[in-house]
Structure formats: structure tokens, C-alpha cells
Amino acid sequence: MRTRKQELISDELKPLVSDLMKTSREKYNYSLEDLSKAINNQKNRQTLHKYETGKLNIPYDILFEICRVFNIDSDIFSKAPITEEEKKILEKKMIKDYVSSLRKDKNLTPQIEKIINTYKNASYEAPNNKSELCMKVTDDSMYPTYLKNDKVYFQKQEDYKNGDDIIIAVKNNQLAVRRLYRYPKGIILQAMNPKYQTINVNIISNDMILGRVTSIHREFK
């Protein structure tokens, strides 16, 4: 279905929006595919590229979705060279609290959204009335410390110590827990269950570690 002209941003607003999309993606290390997933695949990578390069005028509803993803405040449009009619549209659809009112939590940053959208067993939940990143254990690689279907909550750290239980990405877009050990010649990411392979690496950056385990939730039947 073709989008009606009145549902599209103006040519005057297009340069600002195009630049905003590009700088926000680069700031949070989002690819166009990541952004497409973050807006629930309402637009594909090719279409988003055309919005970002100014080849197409973006619909207001998609613009607002992108602002939600990157937590962009509506004030950025207050001095844009647009008509009074368009200003009224922006004021009506994108009040200052628009972003925070749609988000699950004010702390739900683009980095957190990217983790949730990328990894199948990741989510953002609220233990003890505080939302945190969470992964569901999908195997017995950390048995008996972690059991299958446990919910493991984790947070990003500036640094990680020997013996920390950390979250890393494994195959098939899944997250897993491993115990971190540093030694002079490298790093060990240990699975507690001996039937699973222990990972030896020469070096691992903190960016490769998604967080340290802070708590576990286990349901007893």
C-alpha cells in the first residue's frame, strides 16, 4: 500500500532526519538490519537505506519508531526549518515524553535493545521491581550451578575478574554462561559440565563479554 503524502515528512525535514538516522546508528553500532529488527521489520534494510540517504521521505510513524529505538528527544526538531503544519504534526505525535512512555523501562538503552533483538534467549525482565537483562539457560553446559530453563540476570561491567560467571554469545544466536579465568598465556571460558568444551582464547575484549551474572531465578515444580 502506497503511503499518502501527508503521512511523509517534508523535503525540508528530510536532511535532518537522514543525518539523525546515520549518526544514531553509528553511535550505537547498529547495522541497517539491526534497525529493521528493532522496528519489528516494518521496513527492510533497503528501504531504511533510502530514508537515510534521502532518496525517500520517511513516514512519520517510522520516524517515531526510530526515535524510540535510539531514545531521541523531540526537542531536536524544535528548530528545524519546517512549516507550521508540520510542527503541529510533530507536537501532536511526538511530545517530549513520547520515547519514555513507549519504552519498557527508561534504562532500556539501544545497546540493551540490540541484545534482545539479536539473541533468541535474551529478554528484559523485572526481578524485585527492577528491570534487568536476562537470558534463559537452554542447555546443561553449566550444570550443576545453572540448570536448563533457569533465568540468569546480568549487567555490563567495566572489567571482569577471575572466577566471574560471564555471558557470551555462542552459535545459533544464543547466549550462554561461562566461567572466566585469566592466566599469563590467555583466557579460559569454562563450561562447568565436563561434557562441554572449555574455550581457550589468547585474548578477549570486554566488548565480547555481554555482562556478569548478578542473580538467578529458578522455578521449582
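**View 1. Contacts of S36 in the predicted model.** Leaving aside neighbours within four places in sequence, S36 is in contact with N41, Q42, K43, N44, R45 and L48, as computed from a model that is predicted. The residue belongs to helix α2, which covers residues 32–38. Because its relative accessibility is 6%, below the 20% limit, S36 counts as buried.

**View 2. The largest nonpolar core.** This core comprises 27 residues, and among these L35, I58 and I66 touch the most other members. Helices α1 (14–27), α2, α3 (45–52) and α4 each supply at least two residues of the core, with α4 giving the most, namely eight residues.

**View 3. Surroundings of I58.** When residues up to four places away in sequence are not counted, I58 touches L8, I9, V17, M21, Y51, L63 and I66. Two of the residues in this view, I58 and I66, are named together with L35 as touching the most other members of the largest nonpolar core.

**View 4. Another nonpolar core.** Apart from the largest nonpolar core lies another, made up of 18 residues, and its members include I115, Y119, Y124 and L210.

**View 5. Helix α7 and its packing partners.** Within helix α7, which spans residues 110–118, the residues P110, I112, E113, I115 and I116 are buried. The buried residues of α7 pack against helix α4 (60–70) and against the strands β1 (122–125), β2 (132–136) and β5 (174–183). One of these buried residues, I115, is also among the members of the 18-residue core, whereas α4, one of the packing partners, gives eight residues to the largest nonpolar core.

Methods
Residues are numbered from 1 along each chain as its sequence is written. This is a predicted model: local features need pLDDT of at least 70, side-chain atom pairs count only at pLDDT 80 or more; totals for chains, interfaces and linings use all residues. Side-chain values use heavy atoms; hydrogens and water are left out. Helices (H or I, at least four residues) and strands (E, at least two) are DSSP runs, numbered from the N terminus. Buried means under 20% relative accessible area, exposed over 50%, partly exposed in between (1.4 Å probe, protein chains only). Contact means heavy atoms within 4.5 Å. A nonpolar core is a set of buried Ala, Val, Leu, Ile, Met, Phe, Trp, Tyr and Cys residues joined through side-chain atoms within 4.5 Å.
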